[in-house]
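Here are a few short exercises to work through with the structure open beside you. Try each task before you read its solution.

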Amino acid sequence: MSAICVLRTRCFLRQVLPGLPAAMQRHYSLDVSSPLLRTQGYVDGRWVSAASVFPVVDPATGQEIARVSDCGPTEAKQAVDAAYKAFQSWKQYSAKERSVLLRKWFDLLTLHKEDLAKLITFECGKPMQESLGEIAYSASFLEWFSEEARRVYGDIVPSPAKDRKILLLKQPVGVASIITPWNFPSAMITRKVGAALAAGCTVVVKPAEDTPLSALALAELAEQAGIPAGVFNVVPCSRERTPSVGEVLCTDPLVAKISFTGSTATGKVLLRLAADTVKKASMELGGHAPFIVFDSADVDLAVRGAMASKFRNSGQTCVCSNRFLVQSGIYERFMEKLSVAMDTELRLGHGSEPGTTQGPLINARAADKVVHQISDAVSRGAKVLRGGKRLEGSFMEPTLLGDVTADMLCTREETFGPLLPVIRFNTEAEALAIANASTVGLAGYFYSQDVGQIWRVAEALEVGIVGANEGLLSTPEATFGGVKQSGLGREGSKYGIEEYLEIKYMCFGGLKP
């Protein structure tokens with residue numbers, strides 16, 4: 001393996017503050033089996049070096065853990081060409097053959113879950129338990145789509161004429177460019193790639209510059225599973241080269257489909273790039289999820305849901321609750337119980353420490369954004385009830401804000417951090433008006449024991465995913481996607497594979513009645 005810098009360093013977090021354990025002064029090292037720690041690009045079944053490398057750092061320590069090939073437009077074009085060539089044979093594989101290979105890939109992820117989880121923890125900062133959860137979630141998409149590969153059904157439609165038959169065939173679209181974020185560096189790949197490969201498409205993956213190691217480990221296991229050369233390609237690159245690589249993946253005429261998870265602003269750029277060649281597109285973009293607690297709610301259940309939906313991955317998920325709305329009748333009781341839960345359940349630290357529940361944010365810019373939102377809210381009258389401090393590096397104290405109003409920045413833009421702002425409301429109509437006053441609509445949550453209210457609110461929320469008395473929603477069996485400017489298309493479920501298929505109408509004529 002070339003250019004691997006294994007971390008052997010003291011964590012620079014010197015302060016021992018409430019919630020930040022003394023264990024952070026330990027040494028931390030990334031220790032995974034050699035075949036899974038890959039640092040080159042993966043194109044046409046070969047590990048390829050680029051002219052330069054870029055560093056991957058542990059966000060908890062700021063220390064370099066690896067140097068990865070900095071692929072550019074040349075490598076991206078080679079990957080597209082390889083994927084297009086491989087598509088000509090991969091699409092001829094039977095559904096069962098593709099299913100068997102995806103299942104082997106799933107088995108290998110499960111077998112190597114500990115090492116794969118370590119990669120996630122060290123390159124994106126998640127606590128180890130969450131990283132293990134992501135690997136299980138990641139593998140579940142390969143399992144699900146290995147099964148769905150054999151259920152891509154067309155239609156035979158009754159013909160108005162007796163001398164012909166009408167058939168609707170489903171066929172793979174071709175090469176798909178897969179551009180993924182850092183917050184779920186494994187699962188966001190398999191949720192897309194599992195569907196694409198099951199449909200008969202080939203892919204080029206551009207992982208986030210912060211977290212390329214997970215993508216390259218997936219490539220190693222894909223090769224071990226017997227996925228043919230050129231079917232799964234990975235082109236890691238630095239932030240500086242991302243625009244030029246992205247342009248190739250979104251404009252090359254051999255690419256038929258793009259699938260992107262990330263910010264709404266970046267999604268719009270990619271859609272514009274793809275427009276000239278009229279590519280099929282799936283976009284899973286920004287969220288700004290409301291979390292509504294009505295007077296009839298089970299408060300203990302609502303608090304558990306709030307903790308899960310807000311603080312998973314330190315608040316860095318696209319379906320994290322961002323705006324909390326609590327009805328006046330239970331506001332004080334909810335805030336008291338939530339404060340206790342935050343005090344007793346949240347522990348800051350390095351993700352490899354067993355007791356850690358909150359790791360760092362991905363970088364200093366992410367922490368700066370949370371600080372800015374807190375400062376704005378306080379300047380407009382909000383009260384800091386828990387946390388509120390920026391710690392060393394990109395660590396941020398989990399923060400609870402009371403007396404929040406809808407004009408504050410934290411209620412108007414996605415946070416992507418451990419900030420929980422609470423708005424008091426009086427009526428159902430008021431809550432829905434605040435919840436729907438957003439240009440995006442990915443997920444929404446609410447808690448109520450009133451059956452009539454549950455149906456009304458679930459139907460009225462302008463989002464693609466609704467959690468009624470539940471704070472953790474994602475599963476491969478269900479759809480994932482939003483409305484408004486939260487994106488286009490759906491991932492997961494039986495519908496996810498449709499994003500990689502075209503419908504062809506065949507009229508079989510000349511038949512004798």
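**Exercise 1: From one bridge to a whole sheet**

Start with a single pair: T399 has L419 in β18 as its bridge partner. Keep in mind that you're looking at a predicted model.

*Task.* Work out which strands β17 and β18 belong with, and in what order the strands of the sheet lie.

*Solution.*
- Step 1: Widen the view from that pair. β17 covers residues 399–402 and β18 covers residues 419–425, and the two pair in the parallel sense over three bridges.
- Step 2: Now take in the neighbours. The order is β16-β17-β18-β15-β14-β20-β21, so to speak a row of seven strands, and it makes an open sheet with mixed pairing.
- Step 3: Look at the ends. β16 (383–386) and β21 (465–468) are the edge strands, each pairing on one side only.
- Step 4: Check the twist. On average, and ignoring direction, neighbouring strands of this sheet are turned by 25 degrees against each other.
- Step 5: Add a helix. α13 (residues 451–460) packs on the sheet and touches β20 (443–447) and β21. The direction of α13 makes about 165 degrees with that of β20.

**Exercise 2: The largest pocket**

*Task.* Find the largest pocket and say which elements each supply at least two residues of its lining.

*Solution.*
- Step 1: Get the volume, which is about 1300 Å³.
- Step 2: Go to the centre. The lining has 49 residues, and W182, F260, G262, S263 and T266 are the closest to the centre.
- Step 3: Match the lining to elements. At least two residues each come from α7 (242–251), β12 (255–261), α8 (264–275) and α11 (364–379). The largest share, six residues, is from α8.
- Step 4: Sort the lining by character: 19 nonpolar, 18 polar and twelve charged residues.

**Exercise 3: Closed spaces**

*Task.* How many cavities of 30 Å³ or more are there, and what lines the largest?

*Solution.*
- Step 1: Search the whole structure, and five such cavities turn up.
- Step 2: Pick the largest cavity, with about 70 Å³ of space.
- Step 3: Read off its lining, which includes Y137, F184, R191, R312 and F480.
- Step 4: Sort that lining: six residues are nonpolar, two polar and two charged.

**Exercise 4: The whole chain**

*Task.* Does the radius of gyration of the protein chain agree or disagree with that of a compact globule?

*Solution.*
- Step 1: Count the elements: 14 helices and 24 strands.
- Step 2: Take the span of the C-alpha trace along its principal axes, about 75 × 60 × 40 Å.
- Step 3: Compare. A compact globule with 513 residues would have a radius of gyration near 24 Å, and the chain has 24 Å, so the two agree.

Definitions and conventions: Residues are numbered from 1 along each chain as its sequence is written. This is a predicted model: local features need pLDDT of at least 70, side-chain atom pairs count only at pLDDT 80 or more; totals for chains, interfaces and linings use all residues. Side-chain values use heavy atoms; hydrogens and water are left out. On a 1 Å grid over the protein atoms alone, a cavity is a set of points where a 1.4 Å probe fits but cannot get out, and a pocket is an open set with protein on both sides within 12 Å along at least five of seven lines; lining residues have an atom within 4 Å of a point. Grid points are joined across faces, edges and corners, and a volume is the space filled by probe spheres set on the points. Helices (H or I, at least four residues) and strands (E, at least two) are DSSP runs, numbered from the N terminus. Ala, Val, Leu, Ile, Met, Phe, Trp, Tyr, Cys and Pro count as nonpolar, Asp, Glu, Lys and Arg as charged, and the others, Gly among them, as polar. Axes are lines fitted to C-alpha atoms, for helices over the stretch in contact, and angles run from 0 to 180 degrees between N-to-C directions. Contact means heavy atoms within 4.5 Å. The radius of gyration is taken over C-alpha atoms; the globule rule is 2.2 Å times the number of residues to the power 0.38.
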